[in-house]
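Dear colleague,

Please find the structure for your review below. My notes on the findings follow directly after it.

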Amino acid sequence: MKKKVMDKRNKDFLKFIEELDKACNFRGESKDITWECDHDHRRCREILLKYENIDIEATIKYFEKNGGYCDCEVLFNC
Ligand SMILES: [Zn+2]
């Protein structure tokens with residue numbers, strides 16, 4: 001079966017974003033907001049592994065094309 005990209009057209013995209021949001025552990029509000037990010041896609045990759053038939057490399061490329069160069073930027077920009 002052909003693997004799919006986790007993009008906005010994917011039915012699980014919002015679920016994925018919610019999981020990523022949790023994985024980055026956002027806390028605080030407005031100016032005092034903090035989160036965890038290691039400036040790579042380790043959280044994205046970990047979460048994407050749980051979905052079947054997802055092309056992880058193609059998905060990371062899609063994120064980067066849309067300004068998501070690390071886990072938190074995926075949340076901000078994608
Ligand atoms: Zn980041």
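**Findings**

His39 is located in the loop that joins α1 and α2. Please bear in mind throughout that this is a predicted model. The residue has 10 C-beta neighbours inside 10 Å, and His39 therefore counts as exposed. Although His39 is not a glycine, its phi is positive, at about 60°.

Asn25 also belongs to the loop between α1 and α2. Its phi is near 55°, a positive value in a residue other than glycine. Asn25 counts as exposed because it has 11 C-beta neighbours inside 10 Å. A further positive phi, of about 90°, is found at Gly67, just after α3.

I turn now to the chain as a whole. The protein chain contains four helices and zero strands, and its pattern along the sequence is α-α-α-α. Along the principal axes, the C-alpha atoms fill a box of roughly 45 × 20 × 20 Å. For 78 residues, a compact globule would have a radius of gyration near 12 Å, and the protein chain, with 12 Å, agrees with this. Of these 78 residues, 19% count as buried. Among contacts with a separation of 6 or more, 56% are accounted for by residues 24 or more positions apart in the sequence.

Which residues make up the largest nonpolar core? There are 10 of them: Met6, Phe16, Leu20, Cys44, Ile47, Leu48, Ile60, Phe63, Val74 and Cys78. The elements that contribute two or more residues to this core are α1 (13-23), α2 (42-48) and α3 (56-65). The most is given by α2, with three residues. Val74, one of the core residues, is in contact with Leu20, Cys44, Phe63 and Gly68, when its neighbours within four places in sequence are left aside.

The helix α3 deserves a separate description. Its buried residues are Thr59, Ile60 and Phe63. Seen down the axis of α3, these buried residues fall within an arc of 100°, so they line one face of the helix. The general geometry of helices is useful to recall here: an α-helix has 3.6 residues a turn, so residues three or four places apart point the same way. The buried residues of α3 pack against α2 and α4 (71-77). On the other side of α3, the residues Glu57, Lys61 and Lys65 are exposed.

Ile56 is also part of helix α3. Is Ile56 buried, exposed or partly exposed? A residue is buried if 20 or more other C-beta atoms lie within 10 Å of its own, and exposed if 12 or fewer do. Ile56 has 17 other C-beta atoms within 10 Å, and it is therefore partly exposed. Not counting residues up to four places away in sequence, Ile56 touches Arg45 and Leu48. Of these two partners of Ile56, Leu48 is listed in the largest nonpolar core. The C-alpha atoms of Ile56 and Cys44 are separated by 8.8 Å, and the two residues are 12 residues apart along the chain.

When you view the model, I suggest beginning with α3, where the buried residues Thr59, Ile60 and Phe63 may be set against the exposed residues Glu57, Lys61 and Lys65 on the other side.

Yours sincerely

How values were computed. Residues numbered from 1 in each chain as written. Predicted model: local features only at pLDDT ≥ 70, side-chain atom pairs only at ≥ 80, totals over all residues. Rg over C-alpha atoms; globule rule 2.2 N^0.38 Å. Contact = placed C-beta atoms within 7 Å. Core = buried A, V, L, I, M, F, W, Y, C linked by C-beta atoms within 7 Å. Arc of directions from axis to C-beta.
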